[in-house]
Amino acid sequence: MSVLLSILAVGIALYLILYYNVIRGSRCTSSVTLKGKTAIVTGSNTGIGKATALDLAKRGARVILACRSKQKAEAAVYDIRRESGSNEVVFMQLDLGSLKSVRSFAETFLKTELRLDLLINNAGMLGPGYTEDGFGMVFGVNHLGHFLLTCLLLDRLKECGPSRVVNVSALLHRLGSVDFALLSTHKDLVPGQSTWHNFRAYCHSKLCNVLFTRELANRLEGTSVTTYSLHPGVIHTEFGRNLKLWQRLFLEPITKLFFMDAERGAQTTLHCALQEGIEPLSGRYFSSCALQEVGAKGRDDALARKLWEVSERLSDLS
């Protein structure tokens with residue numbers, strides 16, 4: 001019995017060390033207020049997007065919740081208004097899996113909102129399926145939809161500078177690659193829809209986020225708009241809602257024990273959006289509220305430029 005208790009005690013001690021030194025993560029320390037500023041946060045009806053939107057609302061920003069589900073987003077608007085005490089929180093419908101919806105959102109936003117100071121491309125998904133335009137769902141939502149959205153709103157961001165674009169990527173970008181031949185033939189970064197293909201597509205899409213940020217920074221050089229990509233940490237959210245039931249049941253106890261909650265997971269996003277003095281680091285990648293080096297492919301300027309050009313063509317932007 002004493003041996004079992006000793007093992008249990010050691011296990012608890014190791015977990016606490018892991019939690020306080022790794023899982024809990026760092027916090028954004030910026031005290032910046034955002035009165036008179038406007039922010040868009042995609043995928044902000046739940047998870048780290050909602051936590052990000054709440055923090056921005058507490059700082060006085062007008063926050064646009066850009067989400068696909070009207071019902072869930074309106075519930076999030078209610079929650080954020082109640083917790084922040086701000087009525088400057090509104091929902092605008094955006095389905096990143098539809099290029100038509102992205103264009104409609106941008107058109108409506110530009111007609112109805114005078115400012116845009118922060119564009120936080122937070123929405124992301126992991127799972128099977130295809131977008132309305134026939135692209136692999138993960139590629140279409142995680143990269144192409146955000147690419148088009150950002151390009152359509154760039155002029156407004158420039159008008160309101162200094163402004164920022166923040167792209168939520170992931171550490172798994174290091175496992176990613178971009179196969180342009182496959183993208184041309186399959187409209188996707190993977191050749192199939194198995195669980196393994198879905199995981200690979202996610203890694204590839206996160207590399208796309210990093211490359212997009214790098215090329216965007218190059219194109220914005222000399223303007224008052226800066227951009228950053230980031231790894232938010234390993235978060236316990238509804239992110240895997242598109243996974244199969246057995247996969248969710250398997251992952252649920254693990255994520256509750258070892259993953260950060262949404263509020264903690266939003267800290268690096270907030271750091272990139274708010275921290276003063278990081279403007280010279282435009283195009284770079286952050287984790288745990290600190291500058292980090294990306295994988296080798298994420299530093300490839302030629303690859304980033306080609307991805308931009310292909311994305312322009314795929315989104316009918318060129």
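# Helix packing, cavities and a pocket in a predicted model

Author: In this predicted model, helix H2 (residues 47-58) packs against helix H3 (residues 70-84) at an angle of about 40°, and their axes lie 9 Å apart.

Reader: Why is H2 called oblique to H3?

Author: Angles under 35 degrees count as roughly parallel, and those from 65 to 115 as roughly perpendicular. The angle of about 40° falls in neither range, and H2 is therefore oblique to H3. In addition, H2 passes H3 in a right-handed crossing.

Reader: Which residues of H2 and H3 make the contact?

Author: H2 contributes Lys 50, Ala 53, Leu 54, Ala 57 and Lys 58, while H3 contributes Ala 76, Asp 79, Ile 80, Glu 83 and Ser 84. Divided by class, this contact of H2 with H3 has five nonpolar, one polar and four charged residues.

Reader: What is the angle between helix H4 (residues 99-112) and H5, and how far apart are their axes?

Author: H4 and H5 pack at about 20°, with axes 9 Å apart. Since angles under 35 degrees count as roughly parallel, H4 is roughly parallel to H5. The crossing of these two helices is right-handed. On the H4 side the contact is made by Leu 99, Val 102, Arg 103, Phe 105, Ala 106, Phe 109 and Leu 110. On the H5 side it is made by Leu 144, Gly 145, Leu 148, Leu 149, Leu 152, Leu 153 and Arg 156. By class, the contact of H4 with H5 has 11 nonpolar, one polar and two charged residues.

Reader: What makes H5 and H11 roughly perpendicular to each other?

Author: The axes of helix H5 (residues 137-159) and helix H11 (residues 301-314) cross at roughly 85° and come within 10 Å. The range for roughly perpendicular is 65 to 115 degrees, and H5 and H11 therefore meet that description. Phe 139, His 143, Leu 144, Phe 147 and Cys 151 of H5 touch Leu 307, Trp 308, Ser 311, Glu 312 and Leu 314 of H11 as the two sides of the contact. Seven of the residues in the contact of H5 with H11 are nonpolar, two are polar and one is charged.

Reader: How many cavities of 30 Å³ or more does the structure hold?

Author: There are two of them. The term cavity is used because a 1.4 Å probe fits at the points of such a space but cannot get out. The largest cavity has a volume of about 60 Å³, and the second largest cavity has about 50 Å³ of space.

Reader: Which residues line the largest cavity?

Author: Its lining consists of Asn 121, Ala 123, Asn 142, His 143, His 146, Phe 147, Asn 167, Val 168, Lys 206, Asn 209 and Phe 212. H5, E5 and helix H7 (195-220) each supply at least two residues, and the largest share, four residues, comes from H5. By class, the lining of the largest cavity has four nonpolar, six polar and one charged residues.

Reader: Which element gives the most to the lining of the second largest cavity?

Author: H5 gives the most, with three residues. The lining includes Met 137, Val 138, Phe 139, Asp 188 and Gln 193. By class, it has six nonpolar, five polar and one charged residues.

Reader: What is the volume of the second largest pocket?

Author: That volume is about 290 Å³. Of the 16 residues that line the second largest pocket, Val 32, Pro 162, Arg 164, Ala 273 and Leu 274 are the closest to its centre. Strand E5 (163-168), strand E6 (225-231) and helix H10 (267-274) each supply at least two residues of the lining. The lining divides into seven nonpolar, four polar and five charged residues.

Reader: Where is Pro 162 found, and what joins it to Gly 161?

Author: Pro 162 is in the loop between H5 and E5. A cis peptide bond joins Gly 161 to Pro 162, with omega about 5°.

Reader: Which sign does phi have at Lys 187, positive or negative?

Author: Lys 187 has a positive phi of about 55°, although it is not a glycine. Lys 187 lies in the loop between helix H6 (180-186) and H7.

Conventions
Residues numbered from 1 in each chain as written. Predicted model: local features only at pLDDT ≥ 70, side-chain atom pairs only at ≥ 80, totals over all residues. Heavy atoms only, no water. 1 Å grid on protein atoms, 1.4 Å probe; cavity = no way out; pocket = protein on both sides within 12 Å on 5 of 7 lines; lining within 4 Å. Points joined across faces, edges and corners; volume = space filled by probe spheres on them. Nonpolar A, V, L, I, M, F, W, Y, C, P; charged D, E, K, R; others polar. Axes fitted to C-alpha atoms, helices over the stretch in contact; angles between N-to-C directions. Parallel < 35°, antiparallel > 145°, perpendicular 65-115°, else oblique. Left-handed = near helix turned anticlockwise from the far one by under 90°. Contact = heavy atoms within 4.5 Å.
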